[in-house]
Amino acid sequence: MISVKDALAVILESCRPLGLEKVDLLGGRGRVIGEDVYAPRDIPSAANSAMDGYAVRCGDTIKASEAEPVELKVIETIAAGASPAKSVRPGQAARIMTGAVIPKGADAVIRREDTVEQGKTVFIKKAAHQGLDIRFSGEDVQKGECVIKAGSVLSPGHIGMLAALGKAFVAVHSRPRVAIVSTGDELVDIETDPGPGKIVNSNSYSLAALVSACGGVPLLTDIVRDKKEDLATALQSAARADVILSSGGVSMGDYDFVKDVMGDIGNAMRFWQVAMRPGKPLAFGSIGETPLFGLPGNPVSVMVSFEQFVRPYLLKMQGHTKLARLSVTATSAQTIEKPAGLRYFLRAVVQEQNGRFIARLTGEQGSGILKSMVEANALMVLPEERTRVKKGEDVVIQWLNEPLWG
Ligand code: AMP
Ligand code: MG
């Protein structure tokens, strides 16, 4: 039996990132950009007003105060997007809107709140220093500057910046196509009434959701019955994808053939069984060149195993370098006991209370209790050697809900 840490090392060591593809800008959210992006122009392109107000010569306002406002002549109104027609000379001001270009001669903006308007004159009630409420050309981005580095994960902030730079398309790392193969004689399709002894295949759907949540493209395949030949055929066909995830058929049972098939046609099982709960019966290997994660069948195990091993693998394929979920310390709301030897991943709801994170378990923790995943926003990770967590003690939790660019 391999440890969680070693299993992850084996898995990641075998992972090769995919190449690049061009996508439209919005399709790039959460993906890893594969090019450095340089600014083709200054942003803003010209000095403009940060406020609605009056563009003035600050020298004219030195003596201005609430009690003794300075009177200036208003020469024009400049809207955002318009070009100023006149220069501001001593004793003059131009009414200006936020984002409009600063006219020649002006070197400050007095916000409207600090003025009193009277027909073609304005009374300035506040002294301005040079540059007050002016955004200078290039103050955000300078022409030629490398604004976004290759390897960045595109957040909404990056998307906005790329748009501002006029980039409608970006080169990002490709998304892995992930074939999902659920096995089991007891499984029926989602819209079939299961009847006695049967259950609906839910794993294909939870896996598909997990795959797309981390940027992969899920490919659902037909349910495979517990026959070795059927499984071999299904896995061989699935090997056309970039990654195969199987669910079920990887334990000790008489009809658990994933390991055999991996060994027979892949001749490449790297390990089987990881020292964790849930998720112990995990096999990792390949079918031809295509990596195969033989995930356990229990609905919670399959998701927890995905989280620990498949997600980091798929992220690495997409060029991500931050592969682990964000972990923080939380306070356990209850006493928990466990045997030494296995690393536990308990499903938890973590909430902030008076500046501290409090973790409470989502009820019954059996690996078949899918409900325990429904409410969970975190996994509570109890190390192999730890046997007891007392109420109020620190525990490490892994957030399940931060975005890819977080
Ligand atoms: P197995 O590892 O194949 O023995 O499966 C372990 C448990 O998970 C059994 O109770 C199965 O019925 C259940 N199971 C297996 N595959 C699925 C699936 N695709 N959807 C929901 N439950 C499953
Ligand atoms: Mg089975």
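**Ligand 1, its pocket and a cavity**

Student: A nitrogen atom of ligand 1 is 3.1 Å from a polar backbone atom of Ser 202. What makes this a polar contact?

Tutor: The pair must be N or O atoms within 3.5 Å. At 3.1 Å, Ser 202 and ligand 1 meet that limit, so the pair counts. This is a predicted model: local features need pLDDT of at least 70, side-chain atom pairs need 80 or more, and totals for chains, interfaces and linings use all residues. Residues are numbered from 1 along each chain as its sequence is written, chains are lettered from A and ligands numbered from 1 in the order written, and side-chain values use heavy atoms, leaving out hydrogens and water.

Student: Which atoms of Asn 201 and Gly 297 come into play?

Tutor: For Asn 201, a polar side-chain atom, 2.9 Å from a nitrogen atom of ligand 1. For Gly 297, a polar backbone atom, 3.1 Å from a ligand oxygen atom. On its own, ligand 1 has 480 Å² of accessible area (Shrake-Rupley, 1.4 Å probe). The protein covers 78% of that area.

Student: What makes a residue part of the shell around ligand 1?

Tutor: One of its heavy atoms lies within 4 Å of the ligand. 16 residues surround ligand 1, with Glu 186, Asn 201, Ser 202, Gly 249 and Gly 297 the closest. By class, the shell has 4 nonpolar, 11 polar and 1 charged residues. Gly counts as polar, so Gly 249 and Gly 297 are in the polar class.

Student: Where does ligand 1 sit, and how do you know?

Tutor: In the largest pocket. Sitting there means that more than half of the ligand's atoms lie within 2 Å of the pocket's grid points.

Student: What is known of the largest pocket's volume and lining?

Tutor: Its volume is about 640 Å³. The lining has 38 residues; Pro 296, Gly 297, Asn 298, Pro 299 and Ser 301 lie nearest the centre. They divide into 16 nonpolar, 16 polar and 6 charged. β24 (343–353) is one of the elements that supply at least two lining residues, as is α6 (299–317). The largest share, 4 residues, is from β24.

Student: Why is the other space called a cavity?

Tutor: A cavity is a set of points on a 1 Å grid where a 1.4 Å probe fits but cannot get out. The structure holds 1 cavity of 30 Å³ or more. About 40 Å³ lies in the largest cavity, so it passes that size limit. Among its lining residues are Arg 225, Asp 226, Lys 227 and Gly 249. The lining has 4 nonpolar, 2 polar and 3 charged residues.

Terms used:
A polar contact is a pair of N or O atoms within 3.5 Å; within protein, one must be able to donate a hydrogen and the other to accept it, and residues adjacent in sequence count only if both atoms are side-chain atoms. On a 1 Å grid over the protein atoms alone, a cavity is a set of points where a 1.4 Å probe fits but cannot get out, and a pocket is an open set with protein on both sides within 12 Å along at least five of seven lines; lining residues have an atom within 4 Å of a point. Grid points are joined across faces, edges and corners, and a volume is the space filled by probe spheres set on the points.
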